[in-house]
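The following exercises concern an interface, a pocket, enclosed cavities and a helix pair. Each task is followed by a worked solution.

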Amino acid sequence: MKQQKTSLLRNNAVQTLLASLLCILLGLLIGYIALLLINPAGASEAITTIIKNFMTYSKPATQLKNLGNTLVKTAPLLMCSLSVLFAYKAGLFNIGAAGQYVVGAGAGLYCALAWQLPWYLCLLASILAGAALGAVSGLLKAYCNVNEVISCIMLNWISLYAVNTLLNLVKEETSPYTLNLLNTSPGSALPSLGLGALFSGNKYVTIAIPLSVLVAVAVWVLLEKTKLGYELKATGCNKFAAQYCGMQEKKNTILTMAIAGGLAGMGAALLFLTGFEQWQCTQSSVPGMGFNGIAAAFLGGLNPLGTILSSYFIQHITNGGAYVDKTMYSAQISDFISALIIYLCGFVLFFKFTLNRWLDRRDEKRTKAAQADPQKGGMAE
Amino acid sequence: MILLLQYMLIFASVLMLVALGGCFSEHSGVINIGLEGIMVMGALGGALMMKFLPAGVPAVAIILLVVLASILLGMLYSLLLAVAAINFKADQTLVGTAMNLLGTAAATVFVKAMNTAEDVDNVSSIIQYIGPKRAFLVNIGSFEFNWFMLLALIALVVSYVTLYKTRFGLRLMACGEHPQAADSVGINVYRMRYAGVLISGMLGGLGGIVYITAGVSEWKFENGVAGFGFLALAVMIFGQWKPSRIALAALLFGFFRALGNVYTGFDFLKAMNLPAAVYNMLPYIISLVVLAFTSKKSRAPKAEGIPYDKGQR
């Protein structure tokens, strides 16, 4: 019985899961303390509101509809976190997912609103735009040795201003928002295939949600089961060794960033082509979706399938934050909690290391106790 | 023209302070991507001090107290990076990114809570500091001299002397180049790295308050510091981790950033009729181009970003 427990704790997936749960718990706990400090009266209620999200509604139909809303925003988040994860596996830190998401939104929305192209072309445009921006970072990294983190950040801001200017051409006359997608170009909206009916007629629930899950599986297959994935990971581990083995490390770097960019760009299409949100052309900061993607990727233990769960969780608390009592707290409290969770994810490695050392010591003591006469055998426990 | 010079100098001061901060941290071997978050925290400290100082405090005291508050909060916040990166060997890029997000989120939550507590209808994340801000300004003709410019200059000279002429600075740099070797001659690598990160917190925090007081007299904390921390990192790389070159790089970047604020004052620029977005993008584009040309022969500290492990060969 105990032997079995040891082997279970040694399992990497179990350790990751434990670590992630610990991050979540600690993040929520610190968030709760922050709420208590701001205003002790409503703190417990606020934190339960954040955790409950759509379940704060009493009617099942409304609950279902709001679950749909959360899922609609989970799809782009999942794509962004896959983008971060994919690049990270190949040794690159894609903080530019935010910018790639922005250009994806720009390209997709412009194709839809200005030219009324069908949805699959708009989707393609988003993917290509994101991939192109990712490739720029990759090129700079491969040929000019520019740290991808810095170049990505610069590109984030450049793309924000560029997209604001571009989408200014297709905005509503009286507001800073882009034209309503469903009215202007219904053919550009992602098809629902009857999925909306499942969520009490939520018209924003489209194929985007199953599509993003499929992509997560595809990324997993690509990374774990193909030669390309192996090469990309090898380049990430040690680019000199990869080069020595005959892999083209420059090409791999660029390709990695292009694929990562494409994933983030597609994420934007999966949100904006549902018509759920309109782009605000006066936006002065890069949308948080890409940055939350980092949180989801690390919280998911850098596993494509784990990120499905973690993306949902992050989006769940982000949406939940919108329901807190605005007279006491701000909606940013959920940003605060997810930022805390990312910070805590930095300690995962240490957690695993400590856990493994503890297990090693326990085993050692046990074998010693078994070999010699067990005088202090019980001490290990 | 004078306005351009004024903005250029103040933005250059911000970039110089923050880049020097990054320089200390990286020379000790810790990559500090979290400068942006540190700036926000420093700005928050300074802004709060300005908000709550009673009227009638002499200008010198205002300056000292505001600077002190910014530095203190910046250093406290940088401890998050120091603890995670030095004691717990965490991924420095990840922790830095988290700090950037956390800085803006925490500042927004805090300021909003404070504003709503004062007035239930006020849900903004704005702090105003019109009055106390005047303490920092001295008018010389039409040129508005800001004491922060002098402060940045002092920081530059002190950084140069500290890094190259003192035992502490040379030891700090040794820890970023080859920590094992430094340890073998009795230098405490962990302590040096703590010092490096804390100094970056100090200068970053100071840079934060300079940035938010640069052009405006109120600040919306939801916006963070608009990528200035990263711009400072670009300045640092362009400056090849050397204080003197960082100063020149900061002036160059400050110029392009200032252009965005004052380009309408130049007839030939106005005549070109470019959208404002172009000027907003300019500093970022320039820094990308510059980085593309200078990163090839980068002289980054050799051991930066690698957690120090005593037992490693």
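Helices here are DSSP runs of H or I with at least four residues, numbered from the N terminus. The model is predicted.

**Exercise 1.** Determine which helix gives the most to the lining of the second largest pocket, and characterise that lining.

*Solution.*
Step 1. Establish the volume: the second largest pocket has about 1,500 Å³.
Step 2. Locate the centre. Among the 47 lining residues, Ser285(A), Val286(A), Pro287(A), Gly288(A) and Asp335(A) are the closest to it.
Step 3. List the helices that each supply at least two lining residues: from chain A these are α7 (148-167), α13 (249-272), α14 (289-299), α15 (304-321) and α16 (333-345), and from chain B α4 (92-118).
Step 4. Identify the main contributor: α4(B), with six residues, gives the most.
Step 5. Sort the lining by class, which yields 21 nonpolar, 21 polar and five charged residues.

**Exercise 2.** Describe the contact between chain A and chain B by residue count and buried area.

*Solution.*
Step 1. Count the partners: 39 residues of chain A touch 44 residues of chain B, contact being heavy atoms within 4.5 Å.
Step 2. Take the area: about 3,700 Å² is buried between the two chains, and carbon and sulfur atoms give 79% of this.
Step 3. Find the leading residues on chain A. Met154(A), Tyr161(A) and Tyr343(A) supply 17% of the area that chain A buries against chain B, more than any other three residues.

**Exercise 3.** How many cavities of 30 Å³ or more does a search of the whole structure find? Give the lining of each.

*Solution.*
Step 1. The search returns two such cavities.
Step 2. The largest cavity has a volume of about 60 Å³. Its lining consists of Gln6(B), Tyr7(B), Ile10(B), Leu137(B), Glu144(B), Asn146(B), Met149(B), Thr213(B) and Ala214(B).
Step 3. Assign this lining to elements of chain B: α1 (2-27), β3 (143-146) and α9 (189-214) each supply at least two residues, and α1(B) has the largest share with three. By class there are five nonpolar, three polar and one charged.
Step 4. The second largest cavity holds about 40 Å³. Leu109(A), Thr178(A), Leu179(A), Asn180(A), Leu181(A), Phe272(A), Gly275(A), Glu277(A) and Gln278(A) line this cavity, and they divide into four nonpolar, four polar and one charged.

**Exercise 4.** Are α6(B) and α7(B) roughly parallel or roughly perpendicular?

*Solution.*
Step 1. The axes of α6 (residues 147-165) and α7 (residues 167-177) of chain B come within 5 Å and cross at roughly 70°.
Step 2. Angles of 65 to 115 degrees count as roughly perpendicular, and therefore α6(B) is roughly perpendicular to α7(B).
Step 3. On α6(B) the contact is made by Thr162(B), Leu163(B), Tyr164(B) and Lys165(B), and on α7(B) by Arg167(B), Phe168(B), Gly169(B), Leu170(B), Leu172(B) and Met173(B).
Step 4. Classed by type, the contact comprises six nonpolar, two polar and two charged residues.

Definitions and conventions. Residues are numbered from 1 along each chain as its sequence is written. Chains are lettered from A and ligands numbered from 1 in the order in which they are written. This is a predicted model: local features need pLDDT of at least 70, side-chain atom pairs count only at pLDDT 80 or more; totals for chains, interfaces and linings use all residues. Side-chain values use heavy atoms; hydrogens and water are left out. Axes are lines fitted to C-alpha atoms, for helices over the stretch in contact, and angles run from 0 to 180 degrees between N-to-C directions. Angles under 35 degrees count as roughly parallel, over 145 as roughly antiparallel, 65 to 115 as roughly perpendicular and the rest as oblique. Ala, Val, Leu, Ile, Met, Phe, Trp, Tyr, Cys and Pro count as nonpolar, Asp, Glu, Lys and Arg as charged, and the others, Gly among them, as polar. On a 1 Å grid over the protein atoms alone, a cavity is a set of points where a 1.4 Å probe fits but cannot get out, and a pocket is an open set with protein on both sides within 12 Å along at least five of seven lines; lining residues have an atom within 4 Å of a point. Grid points are joined across faces, edges and corners, and a volume is the space filled by probe spheres set on the points. Buried area is the accessible area (1.4 Å probe) that two parts lose on being put together, summed over both.
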